[in-house]
Amino acid sequence: LTLVPRSAPRATPEVQGAAAVAAALQEAAAALPASDKPGPDMPLLSGRRFALLIANQNYQQWARLEPPQDDAQAVALALTQRFGFEVTQLNNATRQQMLAALGKLRQQVGPQDQVVVYYAGHGQMDSVTARGYWIPVDGDSRDLANWVSVIDVTDQLSAMTARHVMVIADSCYSGTLTRSLVPQVDQALS
């Protein structure tokens with residue numbers, strides 16, 4: 001599981017499971033300046049909060065996964081109850097549904113909004129390009145044409161006007177997501 005907070009472009013450790021995600025969200029909140037820390041009378045930051053959770057477990061050509069939908073539900077509960085996020089959860093999403101949901105989210109958010117994108121499901125890496133992919137439930141196990149490239153994901157995230165975007169990827173090869181952000185981070189720092 002790799003957490004990729006857009007507003008903190010440093011290396012982020014990998015963590016395991018839904019409980020670790022909740023702990024990582026708490027850690028991210030604790031790292032905020034004192035004036036921005038959440039409390040009973042104070043939200044995280046001004047702006048709206050949106051979360052897109054994609055939980056793929058019933059694959060047509062890949063092994064079935066057990067925990068993604070349960071994990072996503074636990075994350076949704078934490079995001080809504082603790083942090084006031086408006087959550088959209090996609091279970092067993094196709095490539096078209098995944099990209100359409102990212103595009104819709106991109107259109108919804110404004111500069112002051114906070115965004116969390118969570119993916120739980122199979123991941124794969126193209127050994128030739130070293131590019132990572134999220135596997136939709138209709139993804140062909142032998143043909144990457146129907147997979148979702150982490151480049152497609154980061155392109156959608158980069159086009160969002162929201163300044164605070166965090167990606168939580170619970171899949172194999174999720175670390176390739178951080179490598180696809182390096183040129184953008186380098187450009188933002190220069």
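These questions and answers walk through the fold, the cores, one helix and one sheet of a predicted model.

In this predicted model, local features need pLDDT of at least 70, side-chain atom pairs count only at pLDDT 80 or more, and totals for chains, interfaces and linings use all residues. Residues are numbered from 1 along each chain as its sequence is written, and side-chain values use heavy atoms, with hydrogens and water left out.

Reader: How many helices and strands does the protein chain have?
Author: Helices (H or I, at least four residues) and strands (E, at least two) are DSSP runs, numbered from the N terminus. From that end, the elements run β-α-β-α-β-α-β-β-β-β-α-β-α. The count is 5 helices and 8 strands.

Reader: What share of the residues in the protein chain is buried?
Author: Buried means under 20% relative accessible area, exposed over 50%, and partly exposed in between, with a 1.4 Å probe and protein chains only. The chain has 190 residues. Buried ones make up 43%.

Reader: Which helix gives the largest share of the largest nonpolar core?
Author: A nonpolar core is a set of buried Ala, Val, Leu, Ile, Met, Phe, Trp, Tyr and Cys residues joined through side-chain atoms within 4.5 Å. This one has 28 residues, and Leu-105, Val-115, Val-117 and Trp-134 touch the most other members. Elements that each supply at least two residues include strand 2 (49-55), helix 3 (95-108) and strand 8 (164-170). The largest share, 4 residues, comes from helix 3.

Reader: Which residues is Val-117 in contact with, leaving aside its neighbours within four places in sequence?
Author: Contact means heavy atoms within 4.5 Å. Val-117 is among the core residues that touch the most other members. Its partners beyond those neighbours are Leu-52, Leu-102, Leu-105, Trp-134, Leu-157, Met-166, Val-167 and Ile-168.

Reader: Where do the buried residues of helix 2 fall, seen down its axis?
Author: The buried set is Pro-68, Gln-69, Asp-71, Ala-72, Val-75, Ala-76, Leu-79 and Phe-83. The arc is that of the directions from the helix axis to the C-beta atoms. On the other side, Asp-70 and Gln-81 are exposed. The buried residues line one face of the helix, because they fall within an arc of 155°.

Reader: Is Gln-69 buried or exposed?
Author: Gln-69 is found in helix 2 (residues 68-83). Leaving aside neighbours within four places in sequence, Gln-69 is in contact with Ala-55, Gln-57, Gln-89, Asn-91 and Asn-92. Its relative accessible area is 19%, so Gln-69 is buried.

Reader: How far apart are the end C-alpha atoms of helix 2?
Author: The expected span of a helix is 1.5 Å times one less than its number of residues. Helix 2 has 16 residues, so it should span 22 Å. The model agrees, with its end C-alpha atoms at 21 Å.

Reader: Which strands stand at the edges of the open sheet of 3 strands?
Author: Two strands pair if DSSP finds at least two bridges between them. The order is 5-6-7, with antiparallel pairing. Each edge strand has a single partner strand, so one side of each is left without a neighbour in the sheet. The edges are strand 5 and strand 7.

Reader: In strand 7, what is the bridge partner of Trp-134?
Author: Strand 6 is joined to strand 5 (residues 123-126) by 4 bridges, and to strand 7 (residues 148-149) by 2 bridges. Towards strand 5, Gly-123 stands opposite Trp-134. In strand 7, the partner is Val-148.
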